[in-house]
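Reader: Could you take me on a close look at one part of this model, the sheet and the core beside it? I would love a connected account.

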Amino acid sequence: MPARYLGPWRFDVTVREGVVAPVTVAALLRVAARALSAAGAPAPASLGLILSDDVELASLNAAHMGKPGPTDVLSFPLHPPTVFPEHPRGAALDPGAVEPG
(Lines give C-alpha, C1' and ligand atoms only; values in the text may rest on other atoms or scores of the structure.)
Protein backbone atom coordinates (compact mmCIF):
# COMPACT_ATOMS: atom_id res chain seq x y z
CA MET A 1 0.00 0.00 0.00
CA PRO A 2 1.50 3.38 -0.93
CA ALA A 3 2.22 6.00 1.71
CA ARG A 4 -0.70 8.21 2.67
CA TYR A 5 -0.56 11.74 4.02
CA LEU A 6 -2.86 13.58 6.44
CA GLY A 7 -1.63 17.06 7.31
CA PRO A 8 2.00 16.87 8.40
CA TRP A 9 1.80 13.10 8.95
CA ARG A 10 2.99 10.38 6.60
CA PHE A 11 1.51 6.92 7.17
CA ASP A 12 2.88 3.64 5.88
CA VAL A 13 0.32 0.89 6.41
CA THR A 14 0.82 -2.83 5.93
CA VAL A 15 -2.06 -5.26 6.30
CA ARG A 16 -0.70 -8.78 6.59
CA GLU A 17 -2.15 -11.45 4.31
CA GLY A 18 -5.32 -12.96 5.76
CA VAL A 19 -5.88 -10.09 8.22
CA VAL A 20 -9.21 -8.27 8.02
CA ALA A 21 -9.05 -4.73 9.39
CA PRO A 22 -11.85 -3.96 11.88
CA VAL A 23 -12.23 -0.46 10.37
CA THR A 24 -11.19 1.04 7.06
CA VAL A 25 -7.58 2.13 6.69
CA ALA A 26 -8.86 5.68 6.12
CA ALA A 27 -10.65 5.64 9.51
CA LEU A 28 -7.57 4.21 11.20
CA LEU A 29 -5.38 6.97 9.76
CA ARG A 30 -7.81 9.72 10.79
CA VAL A 31 -7.64 8.51 14.40
CA ALA A 32 -3.85 8.13 14.26
CA ALA A 33 -3.51 11.70 12.92
CA ARG A 34 -5.74 13.00 15.74
CA ALA A 35 -3.68 11.10 18.31
CA LEU A 36 -0.41 12.49 16.96
CA SER A 37 -1.80 16.02 17.01
CA ALA A 38 -3.26 15.61 20.51
CA ALA A 39 0.06 14.26 21.80
CA GLY A 40 1.92 17.22 20.38
CA ALA A 41 4.08 14.93 18.27
CA PRO A 42 6.86 16.74 16.40
CA ALA A 43 5.76 17.47 12.85
CA PRO A 44 6.29 16.53 10.17
CA ALA A 45 6.55 12.88 11.12
CA SER A 46 6.05 9.40 9.78
CA LEU A 47 4.15 6.54 11.39
CA GLY A 48 4.27 2.92 10.27
CA LEU A 49 1.31 0.68 11.08
CA ILE A 50 1.22 -3.07 10.61
CA LEU A 51 -2.05 -4.94 11.04
CA SER A 52 -1.07 -8.48 11.89
CA ASP A 53 -2.39 -11.68 13.41
CA ASP A 54 -2.09 -13.27 16.84
CA VAL A 55 0.72 -15.62 15.79
CA GLU A 56 3.01 -12.78 14.67
CA LEU A 57 2.05 -10.59 17.64
CA ALA A 58 2.79 -13.42 20.10
CA SER A 59 6.21 -13.91 18.52
CA LEU A 60 7.01 -10.18 18.66
CA ASN A 61 5.65 -9.87 22.21
CA ALA A 62 7.93 -12.70 23.37
CA ALA A 63 10.97 -11.36 21.51
CA HIS A 64 10.67 -7.70 22.50
CA MET A 65 8.68 -7.65 25.74
CA GLY A 66 9.52 -11.07 27.18
CA LYS A 67 5.83 -11.90 27.56
CA PRO A 68 3.97 -14.94 26.21
CA GLY A 69 0.93 -14.66 23.97
CA PRO A 70 -0.41 -12.03 21.63
CA THR A 71 -1.01 -8.43 22.63
CA ASP A 72 -3.22 -5.65 21.29
CA VAL A 73 -0.43 -3.20 20.48
CA LEU A 74 3.34 -3.17 20.21
CA SER A 75 5.02 0.16 19.61
CA PHE A 76 8.61 1.03 18.96
CA PRO A 77 9.09 4.79 19.34
CA LEU A 78 11.78 6.58 17.40
CA HIS A 79 12.04 9.47 19.90
CA PRO A 80 12.35 9.42 23.68
CA PRO A 81 9.34 10.58 25.75
CA THR A 82 11.14 13.86 26.52
CA VAL A 83 10.49 15.01 22.91
CA PHE A 84 6.76 15.23 23.60
CA PRO A 85 5.12 17.94 25.70
CA GLU A 86 3.70 17.27 29.16
CA HIS A 87 0.00 16.35 29.27
CA PRO A 88 -2.37 16.31 32.23
CA ARG A 89 -2.84 12.84 33.68
CA GLY A 90 -5.89 11.11 32.27
CA ALA A 91 -6.08 13.26 29.12
CA ALA A 92 -7.39 11.12 26.28
CA LEU A 93 -9.04 11.30 22.91
CA ASP A 94 -12.77 10.74 22.61
CA PRO A 95 -13.21 6.92 22.60
CA GLY A 96 -16.02 7.32 20.06
CA ALA A 97 -13.64 8.88 17.54
CA VAL A 98 -13.42 5.75 15.36
CA GLU A 99 -16.38 5.00 13.18
CA PRO A 100 -16.44 1.39 11.86
CA GLY A 101 -16.28 0.87 8.13
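Author: Gladly; here is the sheet, followed by the helix and the core. This is a predicted model, in which local features need pLDDT of at least 70 and side-chain atom pairs count only at pLDDT 80 or more, while totals for chains, interfaces and linings use all residues. Residues are numbered from 1 along each chain as its sequence is written, and side-chain values use heavy atoms, with hydrogens and water left out.

Let's start with the sheet. Three strands (DSSP runs of E, at least two residues, numbered from the N terminus) make an open, mixed sheet in the order β1-β2-β3; pairing here requires at least two DSSP bridges between two strands. At its edges lie β1 (4-6) and β3 (45-51), each paired on one side only. Between neighbouring strands the average turn is 30 degrees, direction ignored. Three bridges join β1 and β2 in the antiparallel sense, and L6 sits opposite W9 of β2.

Now for the helix, a DSSP run of H or I with at least four residues. α1 packs on the sheet and touches β1, β2 and β3, its direction making about 140 degrees with that of β2. Contact means heavy atoms within 4.5 Å, and such angles run from 0 to 180 degrees between N-to-C directions of lines fitted to C-alpha atoms, for helices over the stretch in contact.

That brings us to the largest nonpolar core, whose ten residues include W9, F11, L29 and A41. A nonpolar core joins buried Ala, Val, Leu, Ile, Met, Phe, Trp, Tyr and Cys residues through side-chain atoms within 4.5 Å, buried being under 20% relative accessible area with a 1.4 Å probe, protein chains only. β2 (9-15) and α1 (25-39) each supply at least two of its residues, and the largest share, five residues, comes from α1. Leaving aside residues up to four places away in sequence, A41 touches W9, L36 and F84.

Notes:
Buried means under 20% relative accessible area, exposed over 50%, partly exposed in between (1.4 Å probe, protein chains only).
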